[in-house]
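Thanks for coming, everyone. Please take a look at the sequence and the structure on the screen, and then I will walk you through a few of the details slowly.

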Amino acid sequence: EEVRIDFTRYSEDSQFAGDDVSVDVGPLGGSVGYSGSEAEGTVSVDGNVVSATDFPMSNFDDGSQATVSFTINC
């Protein structure tokens, strides 16, 4: 299954302060998308490793809730 994750951290000086995560599961054009925003620091950034546990998200289409956990080693 294809999975795409986007993580953006907005500083506290930003209008959108916090950690923003979006996840798409499935092939392009047929994927299911989720997004969520939490306080800055909810996503851990340690050197080349970005991770989160039980990050709350909402489905783009129907608003259903899900939680995701991930570790990306860059």
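With which residue does Asp19 form a salt bridge? Before I answer, please keep in mind that what we are looking at is a predicted model. The partner is Arg9, and the closest N and O atoms of the two residues are 2.7 Å apart. Asp19 belongs to strand β2 whereas Arg9 belongs to strand β1, residues 3-10, so this pair ties together parts that are ten residues apart in sequence. As for their surroundings, Asp19 counts as buried because its relative accessibility is 1%, while Arg9, at 33%, counts as partly exposed.

A search of the whole structure finds two salt bridges, and one of them links Glu2 with Arg4, where the closest N and O atoms are 3.3 Å apart. Here Glu2 is partly exposed, with a relative accessibility of 44%, and Arg4 is also classed as partly exposed, at 25%.

Let me turn now to the nonpolar core. The largest one is made up of ten residues, among them Val21, Tyr34, Val43, Phe55 and Phe70. Strands β2 (18-25), β5 (49-59) and β6 (65-73) each supply at least two residues of this core, and the largest share, four residues, comes from β5. If we pick out Val43 and leave aside residues up to four places away in sequence, we find that Val43 touches, among others, Val21, Val50, Ala52, Phe55 and Phe70. Its contacts also include Arg9 and Asp19, the two residues of the salt bridge we began with.

Since β5 has come up, which strands is β5 joined to? With β3, residues 32-38, β5 runs antiparallel and shares two bridges, and in that pairing Ser58 of β5 is the bridge partner of Ser35. With β4, residues 44-46, the arrangement is again antiparallel, this time with three bridges, and Asp46 stands opposite Val49. With β6, β5 has eight bridges, also antiparallel, and there Val49 stands opposite Asn73.

Finally, a word on the turns between these strands. The hairpin of β4 and β5 has two residues between the strands, and Gly47 takes a positive phi near 65° there. In the hairpin of β5 and β6 there are five residues between the strands, and it is Gly63 that takes a positive phi, near 75°.

Key. Residues are numbered from 1 along each chain as its sequence is written. This is a predicted model: local features need pLDDT of at least 70, side-chain atom pairs count only at pLDDT 80 or more; totals for chains, interfaces and linings use all residues. Side-chain values use heavy atoms; hydrogens and water are left out. A nonpolar core is a set of buried Ala, Val, Leu, Ile, Met, Phe, Trp, Tyr and Cys residues joined through side-chain atoms within 4.5 Å. Buried means under 20% relative accessible area, exposed over 50%, partly exposed in between (1.4 Å probe, protein chains only). Contact means heavy atoms within 4.5 Å. Two strands pair if DSSP finds at least two bridges between them. A salt bridge is a side-chain nitrogen of Lys or Arg within 4 Å of a carboxyl oxygen of Asp or Glu.
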